[in-house]
Amino acid sequence: MTKILIVDDHQLFREGVKRILDFEDSFEVVGEGDDGSEVAELYRRFEPDVVLMDINMPGMNGVEATEKVKNEFPDAKIIILSIHDDVHMYRMR
Ligand SMILES: [Mg+2]
């Protein structure tokens, strides 16, 4: 079972992704968040195998949140989701 943490500020998006993943027996959504600032705490609590991370969120964005989680958990697997086609909009440091 692959444990997934979904972080996106839009509840409808989170619900849609959860519904799609529900069709797969091998995925389990273990937690959800709506702001980057809470991702590290959620990661500690749920110990997901994969994080699906939005970029644009109020407060801390997905790139900053990814850096924060990676600092604490270097092996964390994080997939960043975006509708933006400008690769330079957020640049990883
Ligand atoms: Mg967003």
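1. A residue counts as buried when its relative accessible area is under 20%, as exposed when that area is over 50%, and as partly exposed in between. By this cut-off Tyr 43, at 10% relative accessibility, is buried, whereas Phe 73, with a relative accessible area of 24%, is partly exposed. The model discussed here is a predicted one, and the points below should be read with that in mind.

2. These two residues also form the one aromatic pair that the count yields. The ring centres of Tyr 43 and Phe 73 are 4.5 Å apart and the ring planes stand at 40°, so the pair is classed as tilted. Because Tyr 43 belongs to helix H2 while Phe 73 sits in the loop between H3 and strand E4 (78-81), the pair ties together parts of the chain that are 30 residues apart in sequence.

3. Helix H2 deserves a closer look. Its buried residues are Val 39, Ala 40, Leu 42 and Tyr 43; viewed down the axis of H2, they fall within an arc of 165°, so they line one face of the helix. The elements covering these buried residues include E1, E2, E3 and H3. Just after H2, Glu 47 adopts a positive phi of about 45°.

4. The largest nonpolar core comprises 13 residues, and those with the most contacts inside it are Val 7, Val 39, Val 51, Met 53, Val 69 and Ile 78. Two or more residues are given to this core by each of E1, helix H2 (39-46), E3 and helix H3 (62-72), with H2 supplying the largest share, namely four residues. Once its neighbours within four places in sequence are left aside, Val 69 is in contact with Val 39, Ala 40, Tyr 43, Ala 76 and Ile 78. Apart from this core lies another, of six residues, among them Ile 4, Val 17, Val 50 and Leu 52.

5. Helix H1 has twelve residues, and the distance from its first C-alpha to its last is 16 Å, close to the 16 Å expected at 1.5 Å a residue. Arg 14, Val 17 and Leu 21 are the buried residues of H1; they cover an arc of only 65° around the axis, which puts them on the same side of the helix. On the other side of H1, the exposed residues are Gln 11, Leu 12, Arg 19, Ile 20 and Asp 22. The buried residues of H1 pack against E1, strand E2 (27-33) and E3.

6. Finally, the metal site. The magnesium ion has as its protein donors Asp 9 (OD), Asp 54 (OD) and Asn 56 (O), which lie 2.0 to 2.2 Å from the ion, and along the chain these donors follow the spacing D-x44-D-x1-N. The pair of Asp 9 and Asp 54 links distant parts of the chain, 45 residues apart: Asp 9 is in the loop between strand E1 (2-7) and helix H1 (11-22), and Asp 54 is in strand E3 (residues 50-54). As for accessibility, Asp 9 counts as partly exposed at 27%, while Asp 54, at 10%, counts as buried. Water is not among the atoms, so the site may look incomplete.

Conventions:
Residues are numbered from 1 along each chain as its sequence is written. This is a predicted model: local features need pLDDT of at least 70, side-chain atom pairs count only at pLDDT 80 or more; totals for chains, interfaces and linings use all residues. Side-chain values use heavy atoms; hydrogens and water are left out. Donors are N, O and S atoms within 2.8 Å of the metal (3.2 Å for Na, K and Ca); water is not among the atoms, so sites may look incomplete. Buried means under 20% relative accessible area, exposed over 50%, partly exposed in between (1.4 Å probe, protein chains only). The expected span of a helix is 1.5 Å times one less than its number of residues. The arc is that of the directions from the helix axis to the C-beta atoms. Contact means heavy atoms within 4.5 Å. A nonpolar core is a set of buried Ala, Val, Leu, Ile, Met, Phe, Trp, Tyr and Cys residues joined through side-chain atoms within 4.5 Å. Rings of Phe, Tyr and Trp (its six-membered ring) pair if their centres lie within 6.5 Å; planes under 30 degrees apart count as stacked, over 60 as edge-to-face and the rest as tilted.
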